[in-house]
Amino acid sequence: MTSSAELFATAQKLMPGGVNSPVRAFGSVGGVPPFMVGAKGPYLHDADGNDYVDLVCSWGPALLGHAHPAIQDAVHAAVDRGLSFGASTPDEGKLAQLVMDRFGGVERMRMVSTGTEATMTAVRLARGYTGRDLIVKFAGCYHGHLDGLLAAAGSGLATLSLPGSAGVTAATAAETLVLPYNDPEAITAAFARHGDKIAAVITESAPCNMGVVTPEAGFNKFLSETTTAHGSLLILDEVLTGFRASDAGYWGLTGRTEGWVPDLYTFGKVIGGGLPAAALGGRAEVMDYLAPLGPVYQAGTLSGNPVAMAAGIAQLSHATDEVYAHIDEKSLALQGALADALTAAGVDYSIQVAGNLFSVAFGTSEHGVHNYAQAQGQEAYRYAPFFHQMLDSGVYLPPSVFEAWFISSAHDDAAMNKIFDALPGAARAAASA
Ligand code: PMP
């Protein structure tokens with residue numbers, strides 16, 4: 001078989017950077033990215049014959065591990081019925097109902113194909129509904145690659161040290177207020193100044209694109225109360241955390257017990273079971289501003305695609321309490337092993353946690369990481385040697401320190417032990433960086 005090195009060399013002549021999504025190019029960790037040819041359970045298989053325990057899980061979707069039999073069967077059956085009809089199908093409502101059963105305040109949904117489309121539509125809807133222009137986002141939060149939300153956007157922009165994106169007009173950028181995360185005073189000040197012009201605050205339910213950052217207790221509730229008081233909307237981005245941090249995402253660990261719901265949610269990743277499906281949902285009064293009922297336009301040739309719906313339904317139907325209990329337990333065990341290995345190697349770190357999602361930040365033990373400035377101030381250079389030592393030991397981590405680590409319900413003891421065995425050497429590599 002053609003090696004990853006050869007495939008990457010060819011790909012670089014065919015696609016910018018050889019990739020179709022920037023972080024896959026291994027820009028910040030260096031080296032040749034392994035090209036994957038298959039995946040099963042907790043393992044990825046590359047073109048060079050290597051197996052890896054996967055801690056990326058397709059950046060979230062693979063909640064049940066790769067090629068879960070129930071999802072494979074549902075997809076095969078859907079494929080046999082036809083790939084796309086350009087008309088409504090019974091499964092769209094079924095998937096919508098599964099979401100509504102879990103997340104409070106979802107009275108209407110619209111299916112789209114990517115998380116970016118979901119947040120883009122939510123932002124347009126918020127503007128259309130409120131008749132206001134400004135959007136508040138937080139530095140370090142990523143909501144997809146729509147023009148208006150690329151400023152201080154974390155994720156691949158953090159990896160590549162980009163402040164924002166070229167090609168975004170000054171006029172568009174001026175309609176986004178970027179505030180520091182976990183800073184209620186900054187919110188209060190922004191609303192005091194611009195309150196009647198702010199259409200929405202959009203926030204990751206728990207930020208996972210500057211590494212993981214824990215929302216301080218009551219922070220999301222405060223956002224909900226503040227937006228409501230000023231007649232603007234709260235868009236809770238659950239694209240990454242949804243159906244992962246708990247059965248009802250990070251909202252399930254906060255809003256559900258605190259007694260608040262956002263006006264709009266965005267979903268992606270897990271909801272599509274590994275195929276391109278995403279959604280927005282929320283209050284009927286707001287959602288019904290979407291066409292064909294309302295004046296805010298949105299559409300999609302492949303929206304609600306029947307194969308993707310089948311994958312999503314199968315995944316959510318199998319995402320039981322046991323699945324979350326398993327992932328929570330393995331996540332805690334891995335956080336403990338990671339902490340032990342780094343401590344033993346003399347590396348300064350903090351482990352950043354939001355439910356079962358976590359990441360490591362180097363040189364941050366004094367304060368931890370509560371915002372983007374602290375995330376960017378860490379000793380990020382320690383990650384590349386750590387990452388490569390893990391990769392050489394058969395563990396596939398996110399190729400950037402600014403990303404969360406993902407575990408699936410297929411991560412069994414054998415897979416976890418392979419990770420545990422790899423950690424001490426990787427911690428020593430981080431120490432000597
Ligand atoms: N919102 C969040 C919180 C995300 O993490 C992502 C993707 N990582 C997106 C939106 C965009 O989703 P997509 O890549 O499917 O466009």
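**Exercise 1. The open sheet**

Given that β2 and β3 pair in the antiparallel sense over 3 bridges, work out the order of the strands in their sheet and which strands lie at its edges.

*Solution.* The model used throughout is a predicted one. Begin with the hairpin: β2 and β3 are joined with 4 residues between them, and Gly49 in the turn has a positive phi of about 90 degrees. Within this pair, His45 stands opposite Asp51 in β3. Next, move outward to β1, which pairs with strand β2 (residues 43-46) in the antiparallel sense over 4 bridges, and there the bridge partner of Lys40 is Tyr43 in β2. On the other side, β3 pairs with β13 in the parallel sense over 2 bridges, with Val53 having Val395 in β13 as its bridge partner. Putting these steps together gives an open sheet of 4 strands in the order β1-β2-β3-β13, with mixed pairing. The edge strands are therefore β1 (36-40) and β13, since each pairs on one side only.

**Exercise 2. A bent helix**

Find where helix α15 bends, and state which elements its buried residues pack against.

*Solution.* Helix α15 (residues 413-431) has 19 residues and reaches 27 Å from its first C-alpha to its last, which is close to the 27 Å expected at 1.5 Å a residue. Along this helix there is nevertheless a bend of about 35 degrees at Leu423, and a proline, Pro424, follows within four residues. Leu423 is also one of the buried residues of α15, a group that includes Ala415, Ile419, Ala422 and Ala426. The buried residues of α15 pack against β3 (51-54), α12 (321-345), β12 (357-362), α14 (383-392) and β13 (395-396).

**Exercise 3. A lysine in a strand**

Decide whether Lys137 is buried or exposed, and list its contacts from beyond four places in sequence.

*Solution.* Locate the residue first: Lys137 is found in strand β5 (residues 134-138). Then count its neighbours: because 28 other C-beta atoms lie within 10 Å, Lys137 is buried, the cut-off for that class being 20 or more. Leaving aside neighbours within four places in sequence, Lys137 is in contact with His143, Leu149, Thr176, Val178 and Ile202. Of these partners, Val178 is 41 residues away from Lys137 in sequence, yet their C-alpha atoms are 5.1 Å apart in space.

**Exercise 4. Backbone exceptions**

Identify where Ala152, Phe243 and Pro292 are placed, and describe the backbone at each.

*Solution.* Start from the general expectation that most residues other than glycine have a negative phi, and that most peptide bonds are trans. Ala152, in the loop between β5 and α5 (155-159), has a positive phi of about 45 degrees although it is not a glycine; with 25 C-beta neighbours inside 10 Å, it counts as buried. Phe243, in the loop between β8 and α9, has a positive phi near 60 degrees, and it is buried, with 28 other C-beta atoms within 10 Å. Finally, Pro292 lies in the loop between α10 (284-287) and α11 (306-318), where the peptide bond from Ala291 to Pro292 is cis, with omega near 15 degrees.

**Exercise 5. The ligand shell**

Describe the residues that surround the ligand by number, by character and by the element that contributes the largest share.

*Solution.* The shell holds 16 residues, the closest being Gly115, Thr116, Gly144, Val239 and Leu240. By character, the shell divides into 5 nonpolar, 9 polar and 2 charged residues. Its largest share, 3 residues, comes from helix α4 (residues 115-130).

Key. Residues numbered from 1 in each chain as written. Predicted model: local features only at pLDDT ≥ 70, side-chain atom pairs only at ≥ 80, totals over all residues. Near = placed C-beta within 6 Å. Nonpolar A, V, L, I, M, F, W, Y, C, P; charged D, E, K, R; others polar. Contact = placed C-beta atoms within 7 Å. Expected span 1.5 Å × (residues − 1). Bend = angle between axes of the 7 residues up to and from the residue. Buried ≥ 20, exposed ≤ 12 C-beta atoms within 10 Å, placed from the backbone.
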